[in-house]
Amino acid sequence: MQILLSQQAASTYVINTAGMQRMLSQKAALLLGAEYIREHPGTFDEQQMLRDALDKMAENQAFLLAKSGGRYAHLSSDLQQFYFQPPVALATRVEEYIDLVKTAHSLALVGNLKVEKLIQVQSRANELLIALDQAVTLHELVATNKVKKLQNVELFIWLFGLMILIIEARWIFYPMEKSIQKKITRLQTLRIEANRLKRSKSEFLARASHEMRTPLQAVMGYLALFKESAQPAHLEVVEHAAKQLNILLSAIDDYNVLSENKEIKLDNKTACLFDTLSHSLAIYKPLMQQKSLSFTTDLGAGLSQVVECDHNRLAWLVGQILDNAVKYTEYGEVRLEADCHQRCEEEAIFHCLITDTGPGINQTQAKIDEEENYQGMQLGLTRAQLIINMLGGEMSFTENIPTGTQVLLEIPVKVAKSAALTPFELSRENPALLVEDNLLNARVVVTLLEKLGLSVIHVVNGQEALSELQKQEFSLVLMDLNMPVMDGFTAIKMIRHNLGLELPILVLTANTTEQAINRVYELGANAHLFKPVDLKTLREKVELLITPSVVNDSLS
């Protein structure tokens with residue numbers, strides 16, 4: 001646009017110059033005529049004006065015919081033909097006219113200018129005026145074409161700008177608006193989800209506190225009874241209640257895993273199914289007595305065999321079904337039938353049928369919302385179905401005639417080999433180093449390790465553990481993670497990298513987060529157990545870690 005506008009300004013100057021030629025040609029003729037009729041010809045003013053007019057006319061002629069880059073700067077092809085080609089040949093005629101006026105002026109200065117010469121100049125001036133008018137018209141036509149070109153370019157620029165705006169609106173601003181709107185919607189969804197999770201976690205903590213009070217009440221109540229009567233049966237109930245608390249803690253861990261959309265990891269152990277069911281039955285018997293419900297059990301002989309499965313979650317599944325039956329049965333009875341049938345040498349099926357006389361549930365209600373049917377921790381059906389699928393089992397709901405519900409639970413289990421239960425004797429000559437800052441927990445673990453035949457040295461943080469490891473050799477390190485002075489993570493790293501020791505490290509922790517467990521293995525730990533630990537589980541891990549050392553010592 002700037003280039004075209006500058007060209008338009010140049011065209012205006014060219015037109016003015018071409019128009020000036022007309023005026024100058026007539027002025028020169030008039031001055032020459034005035035010179036002729038004066039009484040005192042050849043005065044200075046008229047001579048100078050005439051010369052200035054002729055010089056200006058020659059200067060304008062040179063401007064109009066100027067070249068730039070080998071081409072005429074101000075002449076179009078039509079103008080070039082008009083200026084240089086017959087019949088007009090305007091450039092030649094202008095030069096001839098200027099020469100003619102100069103010659104006539106010279107004659108006038110000496111008093112020899114004849115009227116015939118003056119008439120010839122005037123005639124040439126009239127003819128040149130016509131040709132100059134045509135030249136101005138052609139120059140104006142060139143300028144008009146440039147104006148049209150400028151208008152077209154301006155229109156193109158406007159259309160191009162409009163197209164750019166449309167493109168920006170369609171492919172930039174519209175997607176940007178969509179993206180912003182999508183992000184706003186996502187943020188609103190996340191905010192709603194965050195509020196829901198906040199309420200859900202608050203409700204969950206309240207329910208967890210409520211559910212834990214049931215086994216805790218059994219622990220406290222039966223301990224009080226044991227103090228009064230010293231009956232061993234009371235301690236058995238306390239043991240079952242404590243194990244039920246451990247099962248509830250496992251449910252809390254599963255809740256954390258499910259809330260993060262992660263997969264629950266099974267913890268398979270070898271144990272007797274009868275002992276597994278006893279934990280749940282011992283807890284729910286008092287609750288049924290409080291509601292005056294009849295609770296009958298039919299436990300098959302197959303439950304006495306030792307199997308490998310996730311016993312904690314299996315007990316939790318049975319407990320959830322019992323919990324649902326107790327909460328929704330106001331009168332009548334709850335019946336549990338359980339057995340384990342061996343399919344082949346290594347596989348068996350655990351069957352558990354729980355029947356109640358509550359309001360009942362039809363087949364389509366088997367997938368109802370957990371908040372309406374599974375009370376308790378309200379992990380209920382979501383967690384139950386997930387765990388059952390992971391265990392490869394099935395759970396079905398049917399109507400109990402005349403009233404109530406029947407829930408059938410079938411879980412495949414692996415029959416344990418008898419050799420797995422063979423006791424393993426550990427020598428007290430294999431000292432273990434326990435790193436635990438909680439003295440109560442330390443006393444329990446030391447007692448369990450001594451029952452396994454190990455001598456134990458206890459320290460309260462990682463710094464003390466490093467000092468002991470530099471003083472003597474140990475067959476095993478049992479490491480807590482959260483401790484003052486030096487935590488377990490740093491201690492494991494120092495043992496492996498600074499001290500360069502390869503002895504087995506067993507992590508005992510209440511930190512169940514996946515990140516923490518992955519980290520301890522990256523640092524060099526060999527195995528882990530979550531608190532609280534029992535004697536059987538501890539024995540299995542210790543045997544696994546120490547046995548190679550014992551074998552190597554005996555061979556050497």
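Start by selecting Glu-330: this residue is exposed, with 56% relative accessible area, where exposed means over 50%, buried under 20% and partly exposed in between (1.4 Å probe, protein chains only). You are looking at a predicted model, in which local features need pLDDT of at least 70, side-chain atom pairs count only at pLDDT 80 or more, and totals for chains, interfaces and linings use all residues. Residues are numbered from 1 along each chain as its sequence is written, and side-chain values use heavy atoms, with hydrogens and water left out.

**Stop 1: salt bridges**

Keep Glu-330 on screen and add Lys-291, which is partly exposed at 27% relative accessibility. Their side chains form a salt bridge, 3.9 Å from N to O; the term stands for a side-chain nitrogen of Lys or Arg within 4 Å of a carboxyl oxygen of Asp or Glu. Glu-330 sits in the loop between α8 and β6 (333-342) and Lys-291 in the loop between α7 (273-290) and β4 (294-299), so the pair ties together parts that are 39 residues apart in sequence. Helices (H or I, at least four residues) and strands (E, at least two) are DSSP runs, numbered from the N terminus.

Next, pick Asp-298 and Arg-335, another salt bridge with its closest N and O atoms 3.9 Å apart. Because Asp-298 is in strand β4 and Arg-335 in strand β6, this pair ties together parts that are 37 residues apart in sequence. Asp-298 is partly exposed at 39% relative accessible area, and Arg-335 is partly exposed at 28%.

Now move to Lys-471 and Glu-468, where the closest N and O atoms of the salt bridge are 3.9 Å apart. The two are three residues apart in helix α12 (residues 462-471), about one helical turn. Lys-471 is exposed at 65% relative accessibility, while Glu-468 is buried at 17%. Then return to Asp-298 and Arg-335 and add Glu-337: salt bridges with shared partners join these three into one network. The structure holds 14 salt bridges.

**Stop 2: the nonpolar cores**

Select Val-318, Leu-322, Leu-336, Phe-350, Ile-354 and Leu-409, the residues with the most contacts inside the largest nonpolar core, which has 42 residues. A nonpolar core is a set of buried Ala, Val, Leu, Ile, Met, Phe, Trp, Tyr and Cys residues joined through side-chain atoms within 4.5 Å. Helix α8 (residues 311-328) gives this core its largest share, eight residues. Centre on Phe-350: beyond its neighbours within four places in sequence, its contacts include Leu-273, Leu-303, Val-318 and Leu-409. Contact means heavy atoms within 4.5 Å. For a second, separate core of 36 residues, try Leu-24, Ala-28, Leu-64 and Ala-131, which are among its members.

**Stop 3: an annotated aspartate**

Go to Asp-480, which an unreviewed UniProt entry annotates as "modified residue: 4-aspartylphosphate"; such annotations may be inferred rather than shown by experiment. Is Asp-480 buried or exposed? Asp-480 counts as buried, at 5% relative accessibility. Look for Asp-480 in the loop between β12 (476-479) and α13 (488-498). Setting aside neighbours within four places in sequence, Asp-480 contacts residues including Glu-436, Asp-437, Thr-509 and Lys-531.

**Last look: the whole chain**

Zoom out to see 15 helices and 14 strands. Buried residues make up 39% of the 556 residues in the protein chain.
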